[in-house]
Amino acid sequence: MEKYLSQLNEAQLAPTLQIDGPMIVIAGAGSGKTRVLTFRIAYMMSKGIDPFNILALTFTNKAAREMKERIASIVGSSEAKNLWMGTFHSVFAKILRIEADRLGYPSNFTIYDTQDSDRLIRDIIKEMNLDKDIYKYKQVRSRISSYKNSLITVRAYFQNPELIEADTMARRPKMGDIYKAYVERCFKAGAMDFDDLLLKTNELLTRFPEVLAKYQNRFKYILVDEYQDTNHSQYLIVRALSDKFQNICVVGDDAQSIYAFRGANINNILNFQKDYLDVKVFRLEQNYRSTKNIVNAANSVIDKNQTKLDKVVWTANDDGGKIIVHRSLTDADEGRYVASTIFDTKMNHQLPNSDFAILYRTNAQSRSIEDALRKRDIPYRIYGGLSFYQRKEIKDVLSYLRLIINPKDEEALKRVINFPPRGIGQTTVDKLMVAANGYNRSIFEVMKNIDKTNVKVNSGTKTKLLNFVTLIESFQVMNQTADVFELAEYVTKTSGLIRELNKDGTPEGVTRMENIEELLNGMKDFVEGQKEIVDATGSLAEFLEDVALSTDMDNDKDDGNKVALMTIHLAKGLEFPYVYIVGLEEDLFPSAMSMNTRSELEEERRLFYVALTRAEKQAYLTYALSRYRWGKLVDSEPSRFIEEIDEEYLEIETPIEERRINPMLSADIFGDVEPNKVRFKPAKQPKFDKGKTKKSPEKYQAPTPKNLKPVAKSSANAGSPNLFDNKIAVGNMVKHNRFGTGEIIKIEGTGPDTKAEIKFQVGVKKLLLRFAKLEVL
Ligand code: ATP
Ligand code: MG
């Protein structure tokens with residue numbers, strides 16, 4: 001047997017070696033589901049299965065990339081590049097490009113991100129003179145999204161009295177009209193939104209049997225990770241494609257189904273055995289990720305759910321530390337606690353920042369944590385906020401590029417037609433939009449043929465419009481010969497974007513310029529990277545597709561050595577040695593919005609289970625007695641989820657600032673004090689303390705002097721942005737994943753702006769250390 005298979009236990013080996021037929025691996029967190037998928041693909045390739053015939057669908061593109069790398073390292077072959085692997089959206093966007101004309105779309109269709117969709121929906125609501133407080137664009141967008149994910153087309157909508165009635169009851173009788181207008185406008189703009197990528201794929205596979213047959217034959221083997229979170233649209237695609245050969249392998253954990261709010265359907269995993277004949281079911285029970293305390297605690301919580309498949313999860317790992325529960329007075333205190341314990345753990349054990357993750361229920365919670373981390377000089381990265389590509393200045397550049405590929409793209413056009421300002425006012429744009437709707441043409445086409453249209457503008461404006469058309473057309477000509485980087489550099493200069501930002505002169509303006517520089521660097525990287533890939537063209541279209549489908553998680557640029565901050569939803573599938581779950585308060589987590597039904601509450605509990613099982617060595621659960629929410633200080637109670645954990649796995653701490661033995665010792669004066677490890681009867685008794693004598697005041701222990709030691713100010717710098725700071729020095733050798741080995745020849749700037757000039761074989765590169773992933777040799 002192949003040597004690498006010895007890295008699997010017996011239970012993992014069975015599904016790995018089972019290549020043919022339908023099969024499902026249902027197993028708890030950290031039991032090696034993703035590992036099985038990876039090894040299984042490697043094994044299939046080693047048995048001679050052509051990677052072109054394998055399709056693997058993952059939760060993020062990053063996960064797919066990592067899997068590919070792993071597979072290549074196991075089978076030692078560059079063939080892994082030929083695997084079809086990625087998220088549903090990225091894989092099917094590629095297929096849609098190939099087949100677009102059948103659906104009446106151009107193959108260079110634009111992918112609208114949520115920002116584009118929001119802007120379009122806002123415009124439609126305005127044009128229809130609807131009340132924007134009733135028709136909130138985000139709600140409208142999510143409603144449209146749920147129709148699409150349930151495969152309810154506009155026509156199906158209008159044929160369904162129940163849907164119409166539901167929207168009317170929700171005081172939105174015009175919902176169907178907005179949906180219709182939205183779909184038509186996207187189509188006219190040659191644009192698909194994220195949900196379209198799945199909806200249109202379904203349309204393609206149902207309407208064109210020959211297309212279905214083509215892809216069924218192509219993807220003889222299909223694998224899906226995180227199957228519990230597939231929605232109906234994704235489910236149908238997988239079913240259709242696997243219908244002929246039935247070589248379908250899905251892995252998942254019903255206890256980690258956390259995307260119901262986005263249409264994920266837990267029944268997909270529960271009913272899998274009914275969907276195919278002779279399904280082989282595999283179970284994995286041994287968790288390799290976490291300590292006994294973490295595994296047992298997580299089991300004890302998820303046990304409280306009624307709807308679940310019975311599963312055993314155990315681990316042979318050490319007991320590890322108990323899960324630390326920490327109460328703070330306020331959210332600011334909570335932030336300080338998190339920052340100071342990270343700081344101490346890091347120092348005591350000499351750990352990189354990237355060993356730590358802070359997980360929260362809602363994005364808004366990051367602020368107080370960020371404040372505290374910044375004060376401590378602990379570098380961090382927020383995942384899932386506004387992604388790099390959604391920043392205004394970046395989207396402006398991208399909009400010019402999108403217009404080059406698809407001049408019909410209305411959202412792109414509206415963004416840049418008068419940015420930088422070129423004297424084309426909103427009134428003119430409104431006239432163009434009306435005309436475009438009237439002629440059923442794109443705005444760009446109307447502009448180009450302005451003389452032949454009935455649009456009334458003065459001759460000065462006409463010239464400006466035609467100049468804009470000429471500008472875009474000149475970019476199109478250049479696109480035929482230049483690479484993405486050259487083109488973008490030219491576009492940013494010629495369009496006047498750079499001049500506009502330079503004029504600004506504010507620190508924000510400088511940051512925006514730097515971001516554009518960073519975008520250009522990314523493009524250079526892309527161009528270089530594409531050279532390695534056999535069938536890649538390095539084209540602008542390809543670059544834009546990568547960008548449109550990159551989730552924030554995929555944006556590797558920032559990874560570096562930083563503490564990770566993200567919502568629990570984003571943390572699915574990931575693991576970190578130290579995990580903080582913050583804001584464990586009733587109404588926050590579980591969320592106030594999900595307390596109405598048992599199934600909603602059970603989804604919150606699964607979310608908590610996902611959070612806790614991300615931790616390898618140590619988990620911290622924190623909550624605050626009061627917190628700023630929506631600008632108001634509100635009192636809060638600890639989350640029921642803490643109470644639900646078997647007490648034997650917990651260590652309950654109380655922060656020093658609450659004891660007030662000596663006001664001089666308050667955390668505010670010394671900045672931070674190591675939290676004491678005393679058991680303390682809290683001012684407001686948490687629910688899980690009730691009736692448990694174990695936590696009575698008799699157990700109160702005096703703090704040891706060590707616990708009161710303030711942290712010396714000078715050591716605060718130790719958490720500087722780069723772990724290797726002292727090694728990043730002129731003359732040292734470093735390795736970059738793309739440029740190879742090089743010598744540092746110059747360093748400029750300080751802190752996050754530190755740049756290094758490095759002499760690589762391919763030439764001298766100037767890299768921002770904040771972004772560059774360098775390995776010091
Ligand atoms: P999740 O449910 O969170 O997605 P999972 O079931 O996909 O988890 P993996 O991420 O594949 O689990 O594995 C968890 C960790 O355990 C990984 O670090 C993996 O490398 C390790 N692991 C899995 N199986 C083994 C094994 N047989 N020997 C050693 N390490 C293993
Ligand atoms: Mg996994």
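These are my notebook entries on a predicted model, taken in the order in which I looked things up.

**Entry 1: the whole chain**

I began with the overall counts. The chain has 777 residues, and 43% of them are buried. I found 29 helices and 23 strands in its secondary structure. I then looked at contacts with a separation of 6 or more, and 74% of these join residues 24 or more positions apart.

**Entry 2: around ligand 1**

Next I turned to ligand 1. I listed 18 residues surrounding ligand 1, and the closest are Gly32, Lys33, Thr34, Arg35 and Tyr288. Which element gives the largest share of this shell? It is helix H2, residues 33-46, with three residues. By residue type, I noted nine polar, five charged and four nonpolar residues in the shell.

I also checked the UniProt record. An unreviewed entry there places the feature "binding site" at Ala27, Gly28, Ala29, Gly30, Ser31, Gly32, Lys33 and Thr34. Of the residues closest to ligand 1, I see Gly32, Lys33 and Thr34 named in that record too.

**Entry 3: Gly30 and Ser31**

I picked two residues from the record's list, Gly30 and Ser31. Gly30 is in the loop between strand E1 (23-27) and H2, and Ser31 lies in the loop between E1 and H2 as well.

Are they buried or exposed? The cut-off for a buried residue is 20 or more other C-beta atoms within 10 Å. Gly30 has 26 such atoms within 10 Å, so I wrote it down as buried. Ser31 has 30 other C-beta atoms within 10 Å, so Ser31 is buried too.

I then listed their contacts, leaving out residues up to four places away in sequence. Gly30 touches Asn287, Tyr288, Arg289, Ser290 and Thr613. One of these, Tyr288, was in my list of the residues closest to ligand 1. Ser31 is in contact with Leu284, Glu285, Gln286, Asn287 and Val313. Asn287 is a contact of Gly30 and also of Ser31.

**Entry 4: the nonpolar cores**

How many residues does the largest nonpolar core have? I noted 123 residues, and those with the most contacts inside this core are Ile41, Ala56, Tyr182 and Val397. I followed Ile41 further. Beyond its neighbours up to four places away in sequence, Ile41 touches Ile54, Ala56, Ile71, Leu83 and Leu223.

There is a second, separate core of 63 residues, which includes Ala264, Val313, Ile378 and Phe608. I had met Val313 before, as a contact of Ser31.

**Entry 5: Arg627**

I looked up Arg627 and found it in strand E16, residues 615-629. Arg627 has 23 C-beta neighbours inside 10 Å, so this charged residue counts as buried. Its contacts, not counting residues up to four places away in sequence, are Thr330, Asp331, Glu585, Val634 and Ser636. I also took one long distance: the C-alpha atoms of Arg627 and His89 are separated by 38 Å, and the two residues are 538 apart along the chain.

**Entry 6: strands E20, E21 and E22**

Last, I followed three strands. Strand E20 (residues 740-748) runs antiparallel to strand E21 (residues 755-760), and six bridges join them. In this pair, Ile747 stands opposite Ala756 of E21.

Strand E21 is also joined by six bridges to strand E22 (residues 763-768), again antiparallel. Here the bridge partner of Lys755 is Leu768 in E22. I added one reminder for myself: in a regular strand, side chains alternate between the two faces of the sheet.

Conventions: Residues numbered from 1 in each chain as written. Chains lettered and ligands numbered in written order. Predicted model: local features only at pLDDT ≥ 70, side-chain atom pairs only at ≥ 80, totals over all residues. Near = placed C-beta within 6 Å. Helix = DSSP H or I, 4+ residues; strand = E, 2+ residues; numbered from the N terminus. UniProt positions renumbered as here; feature names shortened; annotations may be inferred. Buried ≥ 20, exposed ≤ 12 C-beta atoms within 10 Å, placed from the backbone. Contact = placed C-beta atoms within 7 Å. Core = buried A, V, L, I, M, F, W, Y, C linked by C-beta atoms within 7 Å. Pairing = 2+ DSSP bridges.
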